[in-house]
Amino acid sequence: MKWSEQVRDGVAVHLRAHGLAECPVCHADTLDVCDKPVLMVLGGAAWPNPPHMGPMDPDTAVDFMVRIECSECGYNVLFSSDRFYGAEIPAFEAELAPSV
Ligand SMILES: [Zn+2]
């Protein structure tokens with residue numbers, strides 16, 4: 001799965017609005033919005049998974065983060081995806097397998 005175009009565009013607008021047009025480390029103009037989400041697991045195991053059986057830790061939360069990476073120096077920054085879509089808009093779109 002990957003972020004919807006609306007989420008990717010929203011992040012790009014957010015970066016420009018906050019003056020992040022270039023990498024704060026190497027100052028190259030190469031900040032890319034990665035199309036794959038980063039899952040940040042807070043407070044325990046995210047999914048029961050063999051050999052760990054049983055219910056998920058009730059204190060566990062999973063945040064979906066949007067990753068921005070400088071393709072020049074590798075600097076990374078994460079934004080909470082909650083800011084870039086509403087409940088009525090699907091945040092993800094399916095990736096189709098390449099046809100053979
Ligand atoms: Zn950089």
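Two strands pair if DSSP finds at least two bridges between them. Helices (H or I, at least four residues) and strands (E, at least two) are DSSP runs, numbered from the N terminus. Residues are numbered from 1 along each chain as its sequence is written. The model is predicted: local features need pLDDT of at least 70, side-chain atom pairs count only at pLDDT 80 or more, and totals for chains, interfaces and linings use all residues.

**Stop 1: the whole chain**

Show the protein chain as a cartoon. It has one helix and six strands. Their order from the N terminus is β-α-β-β-β-β-β.

Now colour by pLDDT, the predictor's confidence in each residue, from 0 to 100. The chain mean is 82, and 81% of the residues reach 70 or more. Confidence is highest in β5, at a mean of 91, and lowest in β6, at 76.

Two terms will recur. A residue is buried if 20 or more other C-beta atoms lie within 10 Å of its own, exposed if 12 or fewer, and partly exposed in between, with C-beta atoms placed from the backbone. Two residues are in contact if their C-beta atoms, also placed from the backbone, lie within 7 Å. Of the 100 residues in the protein chain, 10% count as buried. Among contacts with a separation of 6 or more, 56% come from residues 24 or more positions apart.

**Stop 2: strand β4 and its partners**

Select 61–70, which is β4. Add 76–80, which is β5. The two run antiparallel and are joined by five bridges. Pick Ile68: Val77 in β5 stands opposite. Then pick Met65, which faces Ser80 in β5.

Stay on Met65. Which residue of β3 is its bridge partner in β4's pairing with that strand? Val38 is the partner. Strand β3 covers residues 38–42 and runs antiparallel to β4, with five bridges between them.

Next, select β2 (31–33). Three bridges join β2 to β4, again antiparallel. Leu31 has Cys70 in β4 as its bridge partner.

Go back to the β4–β5 hairpin. Five residues lie between the strands, and Gly74 in this hairpin has a positive phi near 90 degrees.

**Stop 3: the helix**

Select α1 (5–17). The helix has 13 residues and reaches 18 Å from its first C-alpha to its last, close to the 18 Å expected at 1.5 Å a residue. That expected span is 1.5 Å times one less than the number of residues.

Show side chains on Val7, Gly10 and Val11, the buried residues of α1. They cover an arc of only 100 degrees around the axis, so they sit on the same side of α1. The arc is that of the directions from the helix axis to the C-beta atoms. What covers these buried residues includes β1 (2–3), β2, β4 and β5. Now turn the helix over: Glu5, Val13 and Arg16 are exposed on the other side.

Just past the end of α1, click Gly19. Its phi is positive, at about 75 degrees.

**Stop 4: the nonpolar core**

Select Trp3, Val7, Val11, Val66 and Phe84: these five residues make the largest nonpolar core. Such a core is a set of buried Ala, Val, Leu, Ile, Met, Phe, Trp, Tyr and Cys residues joined through C-beta atoms within 7 Å.

Centre on Trp3. What does Trp3 touch, not counting residues up to four places away in sequence? The list is Arg8, Asp35, Pro37, Val66, Ala91 and Phe92.

**Stop 5: the loop after the helix**

Move to the loop between α1 and β2, where you will find Pro24. Is Pro24 buried or exposed? Pro24 counts as exposed because it has 11 C-beta neighbours inside 10 Å. Draw a C-alpha to C-alpha distance to Cys70: the two are 9.3 Å apart in space and 46 residues apart in sequence.

His27 lies in the loop between α1 and β2. His27 has 11 C-beta neighbours inside 10 Å, so it counts as exposed. Check its backbone: phi is near 65 degrees, a positive value in a residue other than glycine.

**Stop 6: the tail**

Finish at Leu96, in the segment after β6 (92–93). Leu96 counts as exposed because it has 6 C-beta neighbours inside 10 Å. Draw one last C-alpha to C-alpha line, from Leu96 to Met1: they are 8.9 Å apart in space and 95 residues apart in sequence.
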